[in-house]
Amino acid sequence: MANDFAARPVPGSDSGQASDGIQVIDGGQVGDGVETARADAASAFATCLRRIAACEWPDLPVAARRRAAMIVADNVSAAFSAADEPEVVRARQLALSEGDAGAVTILARGRPLASRRDAASINGLTMGWNELDEGYRKAVCHGGLYVLPALLATAEARGASARDVLRALILGYEIVARVARAWRFPDLRLHPHALLAPVGAAAGVALLRRLPADELIAAVAGAAALGMAGPFNQAVQGALIRNTWAAHGAAAGIAAVDHARAGIGGLASTPYDVYVTSLGTTTDLSAFDDDGDWAVCAGYQKINACCQYAHSSIAAVEALIARTPALLDGDAVSAVRVWAHPLALKLDNRQPSTTLAAKFSLPHAVAAAIVHGHGGVAAFDSASLSDPRIARLRQLIEIVPFDAVRPAPHDRPATVEIVTAAGADRETCWSAPGGPDLPFDEQAIWRKVAALCAPVAPSAAGVLERLAQVAVESGDGAMSLSLSSTWSASLDAMFAEPQR
């Protein structure tokens, strides 16, 4: 079949131009001067953090409150989904046997307790393990995964209320999302979990503890300097070290806050020096402007258990199978061609050796979707790695660049063509379901949450759904009382025996 889409280079991959048109060379800016650029960045960063920290619960719109509760549900249920993974079980056992004793919940069967940092670290490990946590659509950033492990551990340890947790999540998410938008890599060299998890963790904890603005700035800026050099290709290759970056980020964020309270923190210019001077990112300081938007409302949710960059391809496969059910199982398929958007082109591992590699393999995602008819957990579990049907299809798939990618939300499209003896059929998905432009029906999300929680904490789904209901209450009334109760009380309810 002729390719009617011309190849398109990855934006920025061969150019020294920043997104704002300023040429970047060796971390400096031609003409403007490095010191001016650094001062401008420091001012924009500090002003933004001061503005965000001043927001109180009544200032937060209902849509942001409810979305924050949904982010909690997405991440807590994602943690439960990975609680019995062999590597996770071993990591938890080691933490409990070798770590400090404590009274903070690890999200696992039986509600084991550990120190605040150990619990935050293990929960950070599990929330992102199965790729079922939510993400931010306007930049490469999983704000909930970065903020929540440290925030929830600190909230439980300090007896913070559910309302305080949601406020700190909304505002911490806002900070890390704006940092992600301000400093971007032109291609996927470093993984955002490694760089940004400490930033989100520090922001959430500092906001929960209501640090003075100067200490908040010092903590978040210091956390930027605690980011890790995590290559993105580790995910594609299936190196499970990638799953530890959010875990270490949670502990680093807690430490950054503790250090800032002792007068040991970063400068407002530190993020610029980390991301631009050292790592050579582009800069867009308009990301720190007061634009009236709330980052939590620009997130996406997942039902597919894999990297979001593959979701449009899975959606295209699902549409083809709905049109031609005989495609299911893949026995009749003789060839597959996928036109992939630039971010998905790097997901090119045809022989994934771990479940993580499968989740970051576009050939595997498409092949498994053809075999199973969906991109759920079974499409990426350990059995899928050796499934002969999936293995055969992975080798048949040709991946070519998608030309004429449109602006967001149509910037992550895919076209999939499946060939059989009966002919070829093609489907294009411009935007995968789950984003703010095509949100899932909430009942579909609650079914997902219930299914993920059921094996570990059957009562948790109902508690999380209740949290989403009360989050929209502004003040008086019976429903608002749940927001005033402690986060620890919510955990008690999650791990309680189901009522019969």
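# A walk from strand β9 to alanine 83

Start with strand β9, which is mostly covered, with six of its eight residues buried. Keep in mind as you click around that this is a predicted model.

**The sheet around β9**

Select residues 333-340 for β9 and 414-420 for β11: these two strands pair in the antiparallel sense, over seven bridges. For one spot along that pairing, pick alanine 340 and look across to alanine 414 in β11, which stands opposite. Now turn to β10. Its pairing with β9 is parallel and runs over five bridges. Label arginine 337 and you'll find its bridge partner in β10, glutamate 398.

Now show the whole sheet. Four strands make it up, in the order β10-β9-β11-β12, and it is open, with mixed pairing. At the edges sit β10 (397-401) and β12 (423-429), each of which pairs on one side only. On average, neighbouring strands here are turned by 15° against each other, ignoring direction.

**Helices on the sheet**

Add residues 362-372. This is helix α14, which lies across β9, β10 and β11 and runs at about 130° to β9. Then bring in α16, residues 388-396, another helix packed on the sheet; it touches β9 and β10, and its direction makes about 60° with that of β9.

**Over to α10**

Next, select 245-261, which is α10. How far apart should the ends of its 17 residues be at 1.5 Å a residue? The expected span is 24 Å, and the end C-alpha atoms are indeed 24 Å apart, so the two agree.

Colour α10 by accessibility and you'll see a mostly covered helix: 12 of its 17 residues are buried. Among the buried ones are Trp245, Gly249, Gly253, Ile254, Val257 and a number of alanines, including Ala246 and Ala260. To see what the buried residues pack against, show α4 (116-127), α5 (143-158), α7 (192-208), α8 (213-224) and α9 (233-237).

Of those neighbours, zoom in on α7. The axes of α7 and α10 come within 7 Å and cross at roughly 40°, and the two helices are therefore oblique to each other. Here is the contact in sticks: from α7, take His193, Ala194, Ala197, Pro198, Ala201, Ala202, Val205 and Ala206; from α10, the residues to show include Trp245, Gly249, Gly253, Ile254 and Val257. As for handedness, α7 passes α10 in a right-handed crossing.

Step off the end of α10 and stop at glycine 263, just after the helix, where phi is positive at about 85°.

**Two loop residues to finish**

Carry on to serine 269, in the loop between α10 and α11 (270-278). Is serine 269 buried or exposed? Its relative accessibility is 12%, so serine 269 counts as buried. Leave out the neighbours within four places in sequence, and the residues in contact with serine 269 are Arg38 and Ala42.

The last stop is alanine 83, in the loop between α2 (62-81) and α3 (86-98). Alanine 83 counts as buried because its relative accessibility is 0%. Show what alanine 83 touches, not counting residues up to four places away in sequence: Val88, Val89, Arg92, Leu107, Ala108 and Val456. If you'd like a distance to draw, join the C-alpha atoms of alanine 83 and aspartate 284, which are 201 residues apart in sequence and 39 Å apart in space.

Definitions and conventions. Residues are numbered from 1 along each chain as its sequence is written. This is a predicted model: local features need pLDDT of at least 70, side-chain atom pairs count only at pLDDT 80 or more; totals for chains, interfaces and linings use all residues. Side-chain values use heavy atoms; hydrogens and water are left out. Buried means under 20% relative accessible area, exposed over 50%, partly exposed in between (1.4 Å probe, protein chains only). Contact means heavy atoms within 4.5 Å. The expected span of a helix is 1.5 Å times one less than its number of residues. Two strands pair if DSSP finds at least two bridges between them. Axes are lines fitted to C-alpha atoms, for helices over the stretch in contact, and angles run from 0 to 180 degrees between N-to-C directions. Angles under 35 degrees count as roughly parallel, over 145 as roughly antiparallel, 65 to 115 as roughly perpendicular and the rest as oblique. A crossing is left-handed if the near helix is turned anticlockwise from the far one by less than a right angle, and right-handed if clockwise.
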